[in-house]
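Biologist: I would like to learn how to read a model like this one with due care, feature by feature. Could we begin with a single side chain and its surroundings?

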Amino acid sequence: MKKVTTILAAVLAIAALAIVAVSCDGTTPDPDDNGLGDGRKISRLTQVGNPNALDEFDRHDRVYDFEYDAQNRLVSLTLPYYQQADDPRLRFVYADDRVTVTFPIGATSDVICDTEGNCEGGETHFGTATIEAQLNAGGYIASGIFTTVWDNVPHNDESGTMSATYDANGYLTGLALNEGQSNVNHLSLTWTGGNLTRVQESPTHYAVAQYTSSPNKANLDLNWLVYSASFYSLDGFSMCAIAGLLGQRNQNLVAQTDEHYDEHIMKEAYSYVFDSEGYVTQWTTTPLDRPSSVPMTYKVEYRQ
């Protein structure tokens with residue numbers, strides 16, 4: 001089965017925010033504070049549709065709605081991709097030193113044609129993915145088990161494990177994903193000046209990033225939303241960082257990412273629109289290596 005548009009990609013990867021916020025005086029928790037002192041939280045992200053797109057789905061806006069609990073922890077993210085699912089939400093359930101993440105997922109089987117042109121496959125199936133993770137003393141994921149159960153496709157259920165390592169300052173430095181003896185993936189992450197500057201899987205597959213001088217002010221680390229199309233998606237597991245579960249956040253907004261895969265290099269640049277207080281209200285992702293590609297625009301809404 002070939003996964004063509006999983007929720008892992010649809011989410012648009014996001015990085016770490018503080019799990020428990022503190023009030024302006026730094027003494028008692030404030031349920032309306034996101035660690036910035038004004039309680040503003042991302043409530044909606046809209047991927048603006050392209051009216052000239054050939055695919056009808058791409059012509060429409062795609063809306064992502066964020067919900068938080070009283071401790072400002074992200075508890076659900078409503079997604080636009082799998083409305084066929086009974087519950088098209090990515091959910092986080094917290095319990096002491098553990099967290100469970102569940103979300104709908106979709107995949108389309110490969111199309112197989114014989115010599116006479118008769119084709120089978122191309123069917124889309126839906127299922128549920130679950131991550132059960134153990135948190136370390138800092139509140140970040142130390143290890144976890146992930147499973148995917150497909151509706152009406154019992155023989156294609158999947159499972160695996162993950163583990164994460166951090167430096168002394170709480171920045172994610174390594175992520176290991178194990179889906180069986182033949183599919184083990186190790187990612188190494190490098191941070192410079194409080195920003196993620198390199199993710200590497202192998203000598204020929206890695207991504208690098210450049211940053212603006214603009215601070216990353218949103219309650220969520222906006223970069224993981226911004227550079228979702230690049231290798232910085234952490235092989236699909238960056239959705240855990242939505243809830244601040246993969247270490248410290250980036251300090252600045254990303255300006256450009258270059259993903260190297262053998263001889264191919266995929267380059268994307270990012271530009272921003274800010275409100276009067278320096279919060280991003282819109283960004284545009286522009287492919288630099290694909291002149292015929294249309295830039296994508298995203299709008300950000302906040303609530304107190």
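Modeller: Let us begin with Gln256, bearing in mind that this is a predicted model. Leaving aside the neighbours within four places in sequence, Gln256 is in contact with Val208, Ala209, Gln210, Lys267, Glu268, Ala269, Tyr270 and Leu288.

Biologist: Where is Gln256 found, and does Gln256 count as buried or exposed?

Modeller: Gln256 is found in strand 15, and because its relative accessibility of 18% falls under the 20% cut-off, the residue counts as buried.

Biologist: With which side chain does that of Gln256 make a polar contact?

Modeller: The partner is the side chain of Asp258, at 2.9 Å from the side chain of Gln256.

Biologist: Turning to the backbone, which residues other than glycine have a positive phi?

Modeller: Among them are Asp96, whose phi is near 55 degrees, and Asp262, for which phi is likewise near 55 degrees. Asp96 has its place in the loop between strand 4 (89–95) and strand 5 (98–108), while Asp262 lies in the loop between strand 15 (252–261) and strand 16 (264–274).

Biologist: Why is Asp96 classed as exposed, and why is Asp262 classed as partly exposed?

Modeller: The class follows from the relative accessible area: Asp96 is exposed because its value of 80% is over 50%, whereas Asp262 is partly exposed because its value of 46% lies between 20% and 50%.

Biologist: How many cavities of 30 Å³ or more are there, and which residues line the largest cavity?

Modeller: The count comes to one cavity of 30 Å³ or more, and the largest cavity has a volume of about 30 Å³. Its lining is made up of Pro215, Asn216, Lys217, Ala218, Leu222, Leu253, Gly278, Tyr279, Val280 and Tyr302. Sorted by class, that lining has seven nonpolar, two polar and one charged residues.

Biologist: Finally, what is the mean pLDDT of the protein, and over which residues is the pLDDT below 50?

Modeller: The mean pLDDT is 79, with 78% of the residues reaching 70 or more. Over residues 1–37, however, the pLDDT is below 50, although this stretch has 117 contacts in the model beyond near neighbours in sequence. Where pLDDT is low, the predicted coordinates should not be read in detail.

Methods. Residues are numbered from 1 along each chain as its sequence is written. Side-chain values use heavy atoms; hydrogens and water are left out. Helices (H or I, at least four residues) and strands (E, at least two) are DSSP runs, numbered from the N terminus. Buried means under 20% relative accessible area, exposed over 50%, partly exposed in between (1.4 Å probe, protein chains only). A polar contact is a pair of N or O atoms within 3.5 Å; within protein, one must be able to donate a hydrogen and the other to accept it, and residues adjacent in sequence count only if both atoms are side-chain atoms. Contact means heavy atoms within 4.5 Å. pLDDT is the predictor's confidence in each residue, from 0 to 100. On a 1 Å grid over the protein atoms alone, a cavity is a set of points where a 1.4 Å probe fits but cannot get out, and a pocket is an open set with protein on both sides within 12 Å along at least five of seven lines; lining residues have an atom within 4 Å of a point. Grid points are joined across faces, edges and corners, and a volume is the space filled by probe spheres set on the points. Ala, Val, Leu, Ile, Met, Phe, Trp, Tyr, Cys and Pro count as nonpolar, Asp, Glu, Lys and Arg as charged, and the others, Gly among them, as polar.
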